[in-house]
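I opened my notebook to go through this structure entry by entry. Here is what I looked up, in the order that made sense to me.

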Amino acid sequence: MSGGQARTLAQLGLAPTRGAQAKVTGLTIDSREVREGMLFAALPGTRVHGASFIEKALADGAAAILTDAEGARIARDALSGSDAALVVTEDARAALSCAAALWFGAQPETMVAVTGTNGKTSVASFARQIWLAMGHEAINVGTTGVEGSFAAPLAHTTPDAITLHKVLAEAARAGVSHAAMEASSHGLDQRRLDGVQLVAAGFTNFSQDHLDYHETFEAYFEAKAALFTRVLPEGGVAVINMDDPKGPQMAALAEGRGQDVLRVGRSEAAQLRLLDQRFNPTGQSLRFSWLGDVHQVDLPLIGGFQAENLLVAAGLVIGAGADAERVFQLLPEMETVRGRMQLAATRRNGAAVFVDFAHTPDAISTAIEALRPHVMGRLVAIIGAGGDRDTKKRPLMGQAAAAHADLVIVTDDNPRSEDPAAIREAVMEGCPDASNVGDRAEAILRGVAALGPGDALLVLGKGHETGQTIGSDVLPFDDAEQASVAVMALDAAEAGEGA
Ligand SMILES: CC(=O)N[C@H]1[C@@H](OP(=O)(O)OP(=O)(O)OC[C@H]2O[C@@H](n3ccc(=O)[nH]c3=O)[C@H](O)[C@@H]2O)O[C@H](CO)[C@@H](O)[C@@H]1O[C@H](C)C(=O)N[C@@H](C)C(=O)N[C@H](CCC(=O)O)C(=O)O
Ligand SMILES: Nc1ncnc2c1ncn2[C@@H]1O[C@H](COP(=O)(O)OP(=O)(O)OP(=O)(O)O)[C@@H](O)[C@H]1O
Ligand SMILES: N[C@H](CCC[C@H](N)C(=O)O)C(=O)O
Ligand SMILES: [Mg+2]
């Protein structure tokens, strides 16, 4: 990213090995984006070390190179033949994040982040909704892009440091004072958010995902724990869901770092404690206590887990300085998070179709179980797994659906570069009695056709997504829209038959 005033490396918090006088005109992590005068951050990658592109970056006019010891070794010849400024540091990704924060120079005054396998987007959206209802200019940043008082699309849940700080600075300059962001495990591992100044951070839960990247559960947990052990400063507020088996461990890590821990959940240890939940066809009622005082609230939200997410969000907003009673008054105003247990359509016979983003075994179990108490009749689930992602989760996703739904249809999610039929086969290993319908629109039509009075269909996996990635093409596809189309078509056909 270029533009703005040229700065010295010291102004970007970097200690140059050589070229202290050099000024840079912008930052990039991609050699293909290098322009005259820019700093090229040559970072270690999963496929290749960015240092392999230092020679090209220098040829294209890079004025400075930021890398680690391995990068300096890989590009020794290119570097010794150039007089560009050089920063060699142990953790080049973390250094880049801090440099990006200084380069863009502004971020919303009050920032919180949330990590966990599931629930991050929901928590960030609820926190933003509470702040907006309090009259603040607020955003959430993550899988669904930047939403709220300032909007922008994002390609990642936690964008790379340069994209992140660019968008945070734009939001801050547009008047945004409060931001809740998602901290993905990739983002944490790659130090993408190390330059963000957090006042509070939250943890929802921990279960299987992304083992293709992290390889072991331990490494995956460590990546998530880094939100507390590295990113949230001492004295920050850690909001921990104590109902998750990993909650107590995360709370201990946060306490060990000198953070104030605000415990939430059903657990007796919780300061913000869920006491009771009652479900109805359009939402739920909660009884909860805050430091012992009992409150009751009616919410237009489907799914018991959204109450857990809402408590984490309320904890973050309180942890960031809001008056707790004011926060609780605003909870009935919360709206469904797009693509999370979202009512997409209702059949003439009363059967409902919901769309949800569950794409892990745990989320599929949770989502189907969570819909049960809102539904009188049978529950039909449509599932699929994405290509180029953790392959081990596929049969477990099938098992989870078979264990909790009355009828399962396996279909394509985003096959990406993989063979869609092979992905479906892997899912079917966990649910051999399911129907296998590759075409997602047809699967939704079949699911809707199976609904009798009081039944519900839950279309899982793609939530808010508006495209289906097949190979390298992204074709328009929206589960909620397809559900409406299917309901309209089948209701019209039935009305025609009855006439
Ligand atoms: C696995 C992963 O996170 N990969 C990210 C990583 O790429 P990488 O390490 O594989 O990069 P690489 O291809 O080995 O290249 C190494 C370095 O060389 C640079 N390079 C490469 C080629 C070139 O010609 N010139 C050049 O300079 C690259 O910019 C990179 O910095 O660094 C790249 C630059 O920051 C990211 O774009 C890329 O995200 C890819 C696109 C991705 O899909 N990531 C997903 C898995 C992800 O991050 N998902 C999370 C989690 C979502 C969730 O919670 O479910 C997210 O936060 O979205
Ligand atoms: N607290 C929770 N516990 C278990 N499952 C949940 C919880 N919250 C959400 N889910 C399930 O996970 C799905 C994704 O929710 P959400 O988008 O909020 O999570 P996320 O952590 O942001 O996911 P991603 O990793 O894709 O960013 C939901 O659609 C729901 O099925
Ligand atoms: N952030 C998640 C989203 C998965 C969504 C699902 N529809 C899929 O394509 O697997 C990922 O990139 O793994
Ligand atoms: Mg998300």
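How many nonpolar, polar and charged residues does the shell around ligand 2 have? I counted by class and got 5 nonpolar, 12 polar and 6 charged residues. I note at the start that this is a predicted model.

**Entry: ligand 2**

I then asked which residues come nearest. Of the 23 residues around ligand 2, the nearest are Gly119, Lys120, Thr121, Ser122 and Ala358. Looking at the elements behind the shell, I found that α5, α11 (304-319) and α13 (361-371) each give two or more residues. The largest share is from α13, with 4 residues.

Where does ligand 2 lie with respect to the domains? Domain 2 (105-333) and domain 3 (342-498) both contribute residues to its shell, so ligand 2 lies between them.

**Entry: domains**

I pulled up the domain assignment, which gives domain 1 (7-98), domain 2 (105-333) and domain 3 (342-498) for the protein chain. For domains 2 and 3 I looked up the distance between C-alpha centres, and it is 28 Å. In the contact list, 15 residues of domain 2 meet 19 residues of domain 3. On the side of domain 2 that touches domain 3, α8 (211-214) and α11 are the elements that give two or more residues. By class, that side of domain 2 has 5 nonpolar, 8 polar and 2 charged residues. I was pleased to meet α11 again here, as α11 also gives two or more residues to the shell around ligand 2.

I also checked the UniProt record for domain 3's stretch of sequence. An unreviewed entry there carries the annotation "domain: Mur ligase C-terminal" over residues 339-463. Over residues 339-463 I read 34% helix and 21% strand, with the end C-alpha atoms 4 Å apart.

**Entry: helix α5**

Since α5 gives residues to the shell around ligand 2, I gave this helix its own page. Does the length of α5 agree or disagree with what 1.5 Å a residue predicts? The 14 residues of α5 (residues 120-133) should span 20 Å, and the end C-alpha atoms are 20 Å apart, so the two agree.

Next I looked at burial. I found α5 mostly covered, with 12 of its 14 residues buried. Among them are Lys120, Thr121 and Ser122, which are also among the residues that come nearest to ligand 2. Val123, Phe126, Ile130 and Trp131 are on the buried list too. I kept one reminder in the margin: an α-helix has 3.6 residues a turn, so residues three or four places apart point the same way. Just after α5, I noted glycine 135 with a positive phi of about 100 degrees.

**Entry: ligand 3**

Which residues surround ligand 3? I listed Thr143, Thr157, His359, Gly386, Arg389, Asp413, Asn414, Gly461, Lys462 and Glu465. By class, this shell has no nonpolar, 6 polar and 4 charged residues.

**Entry: binding-site annotation**

From the unreviewed UniProt entry I copied the feature "binding site", placed at Ser31, Thr157, Thr158, Ser184, Gln190 and Arg192. These positions are spread over 162 residues of sequence and also in space, up to 24.9 Å between C-alpha atoms.

I followed two of them up. Threonine 157, which is in the shell around ligand 3, sits in the loop between β8 (145-148) and α6 (161-173). Threonine 157 counts as buried because 20 other C-beta atoms lie within 10 Å. Leaving out residues up to four places away in sequence, threonine 157 touches Gly142, Thr143, Glu182, Ser184 and Gly187.

Serine 31 is in the loop between β2 (23-28) and β3 (39-41). Is serine 31 buried or exposed? Serine 31 has 20 C-beta neighbours inside 10 Å, so I put it down as buried. With the same sequence neighbours left out, serine 31 touches Phe40, Phe53, Lys56 and Ala57.

**Entry: positive phi**

I ended with backbone angles. Leucine 291 is not a glycine, yet its phi is positive, near 50 degrees. I found leucine 291 in the loop between β14 (283-290) and β15 (293-299), and it counts as exposed because it has 8 C-beta neighbours inside 10 Å.

Arginine 416, also not a glycine, has a positive phi of about 50 degrees. Its loop runs between β19 (407-410) and α15 (420-428). With 16 C-beta neighbours inside 10 Å, arginine 416 counts as partly exposed.

Technical notes. Residues numbered from 1 in each chain as written. Chains lettered and ligands numbered in written order. Predicted model: local features only at pLDDT ≥ 70, side-chain atom pairs only at ≥ 80, totals over all residues. Near = placed C-beta within 6 Å. Nonpolar A, V, L, I, M, F, W, Y, C, P; charged D, E, K, R; others polar. UniProt positions renumbered as here; feature names shortened; annotations may be inferred. Contact = placed C-beta atoms within 7 Å. Expected span 1.5 Å × (residues − 1). Domains from an automatic or database assignment.
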